[in-house]
Amino acid sequence: MKAKQEFKVVPRIPDRLATLKRMAYNVMFSWHSEIRDIFQRIDPKLWEESGNNPVLLLGLVDQKRLNELENDTGFISQLEEVGHRFDIYLKNRPIAAENTCIAYFSAEFGITTCVPIYSGGLGILSGDHLKSASDVNIPLVGVGLLYQEGYFEQYLNNDGWQMESYTDNSFDAMPVTQMLDAKGEPIKVHVRFKDRQAAIAVWKLQVGRVPLYLMDTDLDENPPDIRATTAQLYGGDREMRIRQELVLGVGGLRALKTMGITPTVIHMNEGHSAFSALERINLLRKDQGLSFDAAREIVRASTVFTTHTPVPAGNDTFHPDLARAYFEDYAKELGISWPVLLGYGRVNPRDDGEPFGVTPLSLRMSAHANGVSKLHGLVSRNMWQNIWPKTPVEDTPIDSVTNGVHVSTWASREISRLYTRYLGQDWKEDPDPEHIWEYITQIPLSELWRAHCHCRERLIAFARRSQFRQQKRLGGSADVLQRTMEMFSPDTLTIGFARRFATYKRATLLFSDPDRLATILNNPQRPIQIIVAGKAHPQDNEGKAFIKQIIHYSREPRFSNRILFLENYNIRLAGLMTSGCDVWLNNPRRPLEACGTSGMKALANGVLNLSVLDGWWDEGYAPKSGWAIGSGEVDSNQTLQDLTESQALYNLLEQQVAPSFYTRTTDGIPVAWCEMMRNSIKDLVPRFSSHRMVTEYYTRFYRQCSDRFTYLTSQNYRPATEQATWCNKLMTTWNDVAVTELKGQATTLKTVGESAKLEATVRLGSLKPQDVTVEAYFGAMDHQGEFIDRQTVILECAAELQSGIYTYKGEISCNRPGRFGYTVRVTPSREKLGNPFVLGLVAWA
């Protein structure tokens, strides 16, 4: 039976404690330990039971206790001090111009354990992006989905098979607030699902200075199947996925408009939010009366797209019939036909058998697209080159911005104290991290080691408690339960492996030769213990089989106190493992790891990385900072590659890792090991922090996109209309563009330091020199005449030979010896278009 009326009961917070409520509804507590401390002081036991959720804590704490705290001068003094710093932080203004607003869209955000709307690395990255945008003061808002059940809770049965359970999130007990209109009514927007309207409520999660707006379809007015749209992250079938992405992209844009927020830049974090580009076009057409082409030019000039994976499952596609059911009428609103819209979502628009893909749509609608590491950028250019078939792979318009992590979230309390002591109080918010991390060398090795040992002790204590609870749930005997509280040693070299159990991550590579592994782990002078954690997708039985295999190994007598799997990997467990392990192991199948930010979280604590040269470690590895498995090889024979790299891993553990860890001074300090810890922090933390990442996005992409948006929307949108007309002219007349003649100096022999002059005759037809960019394309060549690398130099228009035919001249520098070549290409004007490759138009000599 359901209640007829509903009402809420909230605690009465005394006036002197009002700051507690303000801090509870801002997740700054997730990266400011002094805020967590104040809540823990209220009731340590209740703080733990609440899952470190201050809103839930304030709802559960006894009113008598609150009244006591009101008169506790020590508590009030601490609260005033923390509250003062909290207020100062929030008052600082953004660094960018007042008319700049970046809207960052993502299907998941991993910000704090008590808001479980994330599954793995993508969500954690999104959360860290918002935190760093807050710290370095970039004017950004987040847009996501508020899942009723979130991602699943993992538990294992007696056979080691992963099971899933879902728990309803109580939004009233989470640090989120429902957005209301001027009349105090909940804000709602609507999105069409075929012939039905889906109502969407909007909630806000405040992340420091950055608001995150979350869409919610679990409303009484929606039928059950529509209410379930925001029930589970990555749950349901393809139709559920397309609905979620409509709510995120279309609903998210409509929510921002309803709240009076007009983004100058949209950042689509993965293709889940691709439909935001279409809705921006839709709103510009409806609100400003623009044509589809003019609106598209504004959107394309002010959109950033980040692709996160080369794995097919990470790039959503939909059958044309399913896409048509949801978008055929929407295409009419956009002012285009359904086949034209379908073509935007295909690699080859003319391939009727190709599904509708959100990644091709995102790439075609973006001024800037990027992978999340340098290697991933290269992989992505190869993967998506066919969208621009006339463009060489190296010029495919997908750049790279290597991911980073929010250091003050992931650095443990002990390590953070060291940073504050030796780097200064402002290290958490410094937007220029390079210089400040030089002071790391001042940290004595003994202090660094002691801080790390405390972290390892905390991890082992947690692991014992976790295993006790697990074994008790499984019906373990008293003897088994006793052994769990004595397992693992806080003094033993501890290796951590924790991530999604996707098969390409090769979680079982370490167990390729169990006999040799047992010998290594049980070395009496140099023992090693391994802690494993991670979830497989509910539908990934192969990933679940990997977990089961590891569980079965851990139960063998030879591994009983050497291998441990911890259930339900989440933000809290990730923090314990990335600070408490000594070595962070990562062995994906290169080049399928787009970035791999878990190793960066370990890095923030001085934990040393042992990894395949893939993702970020391909950029970060140096012998003084960690270890590399292999040399970056890619073998088509995967069985042979697994064998080779597993043996390389065993050799490293036996010959380098364990000896370095156990070689101690008389006072017990592993000096060489600690030097590596300190080197890795100094050299790599500033390079792989999310402060560096968001600053790079701002300086390279956001600022340019915002300026282009401002220009194209000025003068009553006249520049946008003119650019659309110009682009249409390019598309219809480009076949007339050709390089008809290429002349160079007679000699083919140059000495270093000289330059080679060249001249090209270019036919432009009805276009003018200001419509194009003509470049010399040159570089070293291999024995087949193919470019090994390349550079470009813009050629200047020297003369008009006759109507529509021009001479271009320039020179290229000969800076090093070798075999070189050049050619000439013509692209649309770089000055007018920003990204000259986005239209896919190019003419070669």
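In this predicted model, the side chains of Lys832 and Asp771 pair up in a salt bridge, with N and O 3.1 Å apart. Lys832 sits in helix 30 (residues 830-833), while Asp771 belongs to the loop that runs between strand 22 (755-763) and strand 23 (772-780), so the bridge ties together parts 61 residues apart in sequence. The two partners differ in how much of them shows: Lys832 is partly exposed at 31% relative accessibility, whereas Asp771 is buried, with a relative accessible area of 6%.

Strand 23 takes part in another such link. Here Glu775 forms a salt bridge with Arg825, and the closest N and O atoms are 2.9 Å apart. Glu775 lies in strand 23 and Arg825 in strand 27 (residues 820-828), so this pair, too, ties together parts of the chain, in this case 50 residues apart in sequence. Both ends are tucked away: Glu775 is buried, with a relative accessible area of 2%, and Arg825 also counts as buried, at 2% relative accessibility.

A further pair involves neighbours in the sequence. Lys682 and Asp683 meet through their side chains in a salt bridge of 2.8 Å, N to O. Lys682 counts as buried because its relative accessibility is 18%, and the cut-off for buried is under 20%. Elsewhere, salt bridges join up into a network that links Lys194, Arg196, Asp225, Glu239 and Arg243. In total, the structure holds 54 salt bridges. As for why such pairs form, side chains of opposite charge can pair when their charged atoms come close.

Turning to the nonpolar interior, the largest core has 143 residues, and Leu20, Phe39, Phe275 and Phe327 have the most contacts inside it. Helix 28 (residues 690-712) supplies the largest share of this core, with nine residues. A second core, separate from that one, has 99 residues, including Trp427, Ile460, Phe497 and Ile547. Back in the largest core, Phe275 gives a feel for the local packing. Leaving aside residues up to four places away in sequence, Phe275 touches Ile242, Glu245, Leu246, Gly249, Val250, Phe327, Phe356, Val358 and Leu361. Among these contacts is Phe327, itself one of the residues with the most contacts inside the core.

Helix 28 also packs against helix 29 (residues 718-733). The axes of the two helices come within 6 Å and cross at roughly 100°. An angle of 65 to 115 degrees counts as roughly perpendicular, so helix 28 and helix 29 are roughly perpendicular to each other. On the helix 28 side the contact is made by Arg708, Tyr711 and Leu712, which meet Pro719, Ala720 and Gln723 of helix 29. Sorted by class, this contact has four nonpolar residues, one polar and one charged.

Finally, Met268 in strand 9 (residues 265-269) is worth a look. At 0% relative accessibility, Met268 counts as buried. Ser106 is 162 residues away from Met268 in sequence, yet their C-alpha atoms are 6.7 Å apart in space. Not counting residues up to four places away in sequence, Met268 touches Phe105, Ser273, Ala274, Ser276, Ala277, Thr303, Val304, Phe305, Thr306, Ser362 and Ser366.

How values were computed. Residues are numbered from 1 along each chain as its sequence is written. This is a predicted model: local features need pLDDT of at least 70, side-chain atom pairs count only at pLDDT 80 or more; totals for chains, interfaces and linings use all residues. Side-chain values use heavy atoms; hydrogens and water are left out. A salt bridge is a side-chain nitrogen of Lys or Arg within 4 Å of a carboxyl oxygen of Asp or Glu. Buried means under 20% relative accessible area, exposed over 50%, partly exposed in between (1.4 Å probe, protein chains only). Helices (H or I, at least four residues) and strands (E, at least two) are DSSP runs, numbered from the N terminus. A nonpolar core is a set of buried Ala, Val, Leu, Ile, Met, Phe, Trp, Tyr and Cys residues joined through side-chain atoms within 4.5 Å. Contact means heavy atoms within 4.5 Å. Axes are lines fitted to C-alpha atoms, for helices over the stretch in contact, and angles run from 0 to 180 degrees between N-to-C directions. Angles under 35 degrees count as roughly parallel, over 145 as roughly antiparallel, 65 to 115 as roughly perpendicular and the rest as oblique. Ala, Val, Leu, Ile, Met, Phe, Trp, Tyr, Cys and Pro count as nonpolar, Asp, Glu, Lys and Arg as charged, and the others, Gly among them, as polar.
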